[in-house]
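Please look through the chain below with its secondary structure in view. The text that follows goes from the sheet to the helices and then to the loops.

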Amino acid sequence: MFNKLGPTVILITGVAIGYGFNHFISVVDTPADQTEKKVVEKPQPKPQKPKKSPEEILMADTQKYCNENLNKIPGQFAADHLKSICEKVKILPNCTSVEGDPIFHMEKEGVSKRGKRILALSLIHGDEFPSGTVALKWMSRLLDIDSRNTWRVIPIANPDGWKKGTRMNINGLDLNRNFPTNDWDDMALDRWKNQKKSDPRRYPGPGGGSEPETKCLISHIQQFKPDFIISVHTPYGILDFDGPEIDAPHFYPLQWRRFGNFPGSLGRYMWKDRQVPVLTIELKGNDAITKLEELDKLQDITGLVAIRADEKLSDSEKKSNN
Ligand SMILES: [Zn+2]
């Protein structure tokens with residue numbers, strides 16, 4: 001027992017002595033000014049604004065771009081109306097031009113059960129300024145009315161061409177020959193070289209769908225699933241329809257005329273390859289800028305064409321199913 005208890009007792013005594021000794025040393029050596037703990041306040045980090053997500057940055061850039069560019073489109077539009085449009089615009093992810101400018105859109109839900117989904121775009125050719133006037137007038141009107149159809153409008157489909165005043169995008173190609181139609185690989189470049197004699201204004205690009213602007217429009221087609229597409233151009237003064245035979249309403253001074261479509265064109269990509277009708281509006285000169293009120297009528301007529309074309313298509317579908 002002793003052998004076992006002995007070291008234990010010694011150990012306890014040692015701890016007691018050690019405690020007293022250390023305590024003594026610490027009191028003697030501690031300078032008076034450090035006996036009280038100083039409360040040092042750490043500098044608090046300034047409250048930081050939450051970082052913006054890439055989507056929020058893109059949206060802010062888009063609204064800024066919209067405000068800066070809509071008032072450059074020809075036509076007399078009230079400044080507060082343009083501002084209201086820019087508050088409503090949206091952008092799909094990756095819908096930016098080669099130079100990074102946003103390709104934005106505005107959408108308005110239709111009220112009619114018979115209403116169709118209409119995708120309208122302008123300035124795919126950046127130098128056809130009056131085409132932008134049509135899209136802007138329609139967006140402006142959609143703010144004020146309850147429309148039958150659901151409209152999505154893309155006013156500046158080729159921002160870099162619009163900025164430079166060129167038909168082509170910044171890579172020097174015609175976006176309306178760049179859609180990846182089924183025949184693009186076989187025909188687009190060949191036809192451009194032989195029939196168009198390598199006209200630089202109609203260069204279809206190195207491959208179907210090579211350009212970010214074309215990809216953006218394809219994203220809209222996939223995401224919005226339009227029943228009908230309107231592409232506004234200038235200056236031939238015609239209504240060129242790629243779609244079923246319909247009883248077409250008149251719109252003076254534009255005449256209905258089937259101009260045909262081309263490898264890489266939106267008309268061929270949507271109508272020939274996908275059976276979604278495309279109305280190409282070719283304005284006559286600068287009429288659109290001077291006769292803004294006529295554009296309301298044009299919008300109503302195209303809306304009616306969309307409904308008639310869709311009924312015709314569903315009739316022929318029903319027939320083929322029987
Ligand atoms: Zn054009």
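Two strands count as paired if DSSP finds at least two bridges between them. With that criterion, the sheet of this predicted model can be followed strand by strand. The protein chain has 10 helices and 7 strands. Of its 322 residues, 39% are buried. Among contacts between residues at least 6 apart in sequence, 77% join residues at least 24 apart.

The 7 strands form an open sheet with mixed pairing, in the order E1-E3-E2-E4-E7-E5-E6. Its edges are strand E1 (106–108) and strand E6 (255–256); each has a single partner strand, so one side of each is left without a neighbour in the sheet. Helix H7 (residues 212–224) packs on the sheet, where it touches strand E2 (117–122) and strand E3 (150–154). The direction of H7 makes about 170° with that of E2.

At the E1 edge, E1 and E3 run antiparallel and are joined by 3 bridges. Methionine 106 has valine 153 in E3 as its bridge partner. On the next step inward, E2 and E3 run parallel, with 5 bridges between them. Here the bridge partner of isoleucine 118 is tryptophan 151 in E3, and leucine 121 is partnered by isoleucine 154, also in E3. At the other edge of the sheet, strand E5 (residues 236–242) and E6 run parallel and are joined by 2 bridges. Isoleucine 238 stands opposite glutamine 255 in E6.

How much of E2 is buried? The strand is mostly covered, with 6 of its 6 residues buried. Arg117, Leu119 and Leu121 point one way from E2, while Ile118, Ala120 and Ser122 point the other way, and all are buried. Both sets of side chains in E2 are therefore buried, since a residue counts as buried if 20 or more other C-beta atoms lie within 10 Å of its own.

Among the helices, H3 and H4 give a case of helix packing. Two packed helices are described by the angle between their axes and the distance between the axes. For helix H3 (residues 79–88) and helix H4 (residues 129–144), the axes come within 10 Å and cross at roughly 85°. H3 and H4 are therefore roughly perpendicular to each other. On the H3 side the contact is made by His81, Ser84 and Ile85, and on the H4 side by Met139, Ser140 and Leu143. These residues divide into 3 nonpolar, 3 polar and no charged.

Helix H6 (residues 184–194) shows how burial can be distributed around a helix axis. Its buried residues are Trp184, Ala188 and Trp192. They cover an arc of only 15° around the axis, which puts them on the same side of H6. An α-helix has 3.6 residues a turn, so residues three or four places apart point the same way. The face of H6 turned away from the buried side carries the exposed residues Asp186, Lys193 and Asn194.

Tryptophan 192, in helix H6, can be taken a little further. This residue is buried because 23 other C-beta atoms lie within 10 Å. What does tryptophan 192 contact, leaving aside its neighbours within four places in sequence? The residues are Ser198, Arg202, Tyr203 and Pro204. Tyrosine 203 is 11 residues from tryptophan 192 in sequence, and the two are 6.7 Å apart in space, C-alpha to C-alpha.

The loops hold several backbone features. Proline 235 is in the loop between strand E4 (228–233) and E5, and the peptide bond that leads to proline 235 from threonine 234 is cis, with omega near 20°. Proline 253 is placed in the loop between E5 and E6. The peptide bond from tyrosine 252 to proline 253 is cis, with omega near 10°.

Positive phi values in residues other than glycine occur at asparagine 94, with phi near 70°, and at lysine 197, with phi near 50°. Asparagine 94 is in the loop between H3 and E1 and counts as exposed, because it has 11 C-beta neighbours inside 10 Å. Lysine 197 lies in the loop between H6 and H7. Lysine 197 is exposed too, with 8 other C-beta atoms within 10 Å.

Definitions and conventions: Residues numbered from 1 in each chain as written. Predicted model: local features only at pLDDT ≥ 70, side-chain atom pairs only at ≥ 80, totals over all residues. Helix = DSSP H or I, 4+ residues; strand = E, 2+ residues; numbered from the N terminus. Buried ≥ 20, exposed ≤ 12 C-beta atoms within 10 Å, placed from the backbone. Contact = placed C-beta atoms within 7 Å. Arc of directions from axis to C-beta. Axes fitted to C-alpha atoms, helices over the stretch in contact; angles between N-to-C directions. Parallel < 35°, antiparallel > 145°, perpendicular 65-115°, else oblique. Nonpolar A, V, L, I, M, F, W, Y, C, P; charged D, E, K, R; others polar.
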